[in-house]
Amino acid sequence: MQNEVFYDPKVADILKRFICVHIDIDKDPSDSKAFGVQGIPRMIVQTPEREPRMDIVGSREAAPFAQLLGESVGLAPTASTTAN
């Protein structure tokens with residue numbers, strides 16, 4: 001996902017709204033434990049107050065992932081986020 005999905009224009013446009021953090025579970029086991037990571041890849045979206053908005057485990061294709069991201073911040077699905 002890191003090399004393909006995150007750079008897809010549909011996904012990248014939505015990710016501009018986020019502060020993205022990548023945790024390597026092998027290098028940062030305490031951070032992965034703090035977030036309860038038990039499977040990878042895991043994508044968590046939280047508000048600044050740490051309220052959960054999205055929490056998914058497993059890879060996704062770009063269009064479905066863009067839709068999930070958009071929904072997590074209240075964006076209505078558009079043709080650009082739902083097109084295959």
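Lys and Arg count as positive here and Asp and Glu as negative, while His and the chain ends are not counted. The place of each charge is NZ of Lys, CZ of Arg, CG of Asp or CD of Glu.

This is a predicted model, in which local features need pLDDT of at least 70, side-chain atom pairs count only at pLDDT 80 or more, and totals for chains, interfaces and linings use all residues. Residues are numbered from 1 along each chain as its sequence is written, and side-chain values use heavy atoms, with hydrogens and water left out.

**Exercise 1. Find how far apart the centres of the positive and negative side chains lie.**

Step 1: Collect the two sets, which hold 9 positive and 12 negative side chains.
Step 2: Take the centre of each set; the two centres lie 3 Å apart.

**Exercise 2. Describe the fold and its overall dimensions.**

Step 1: Helices (H or I, at least four residues) and strands (E, at least two) are DSSP runs, numbered from the N terminus. The protein has 4 helices and 2 strands, in the order α-α-β-β-α-α.
Step 2: Apply the globule rule, 2.2 Å times the number of residues to the power 0.38, with the radius of gyration taken over C-alpha atoms. For 84 residues a compact globule would have a radius near 12 Å, and the protein's 13 Å agrees with this.
Step 3: Along the principal axes, the C-alpha atoms fill a box of roughly 40 × 30 × 20 Å.

**Exercise 3. Decide which helix deserves the most caution, judging by confidence.**

Step 1: Use pLDDT, the predictor's confidence in each residue, from 0 to 100. The protein averages 88, and 90% of the residues score at least 70.
Step 2: Confidence is lowest in helix α4 (residues 79-82), at a mean of 47, and highest in helix α3 (residues 62-72), at 95.
Step 3: Where pLDDT is low, the predicted coordinates should not be read in detail.

**Exercise 4. Locate the backbone features at Pro-41 and Arg-50.**

Step 1: Recall that most residues other than glycine have a negative phi, and most peptide bonds are trans.
Step 2: Ile-40 and Pro-41 are joined by a cis peptide bond, with omega about -10°. Pro-41 sits in the loop between α2 (29-34) and β1 (42-46).
Step 3: Arg-50 has a positive phi, near 70°, and belongs to the loop between β1 and β2 (52-57).

**Exercise 5. Is Asp-8 buried or exposed?**

Step 1: Buried means under 20% relative accessible area, exposed over 50%, and partly exposed in between (1.4 Å probe, protein chains only).
Step 2: Asp-8, in the segment before α1 (9-15), has a relative accessible area of 18%, so Asp-8 is buried.
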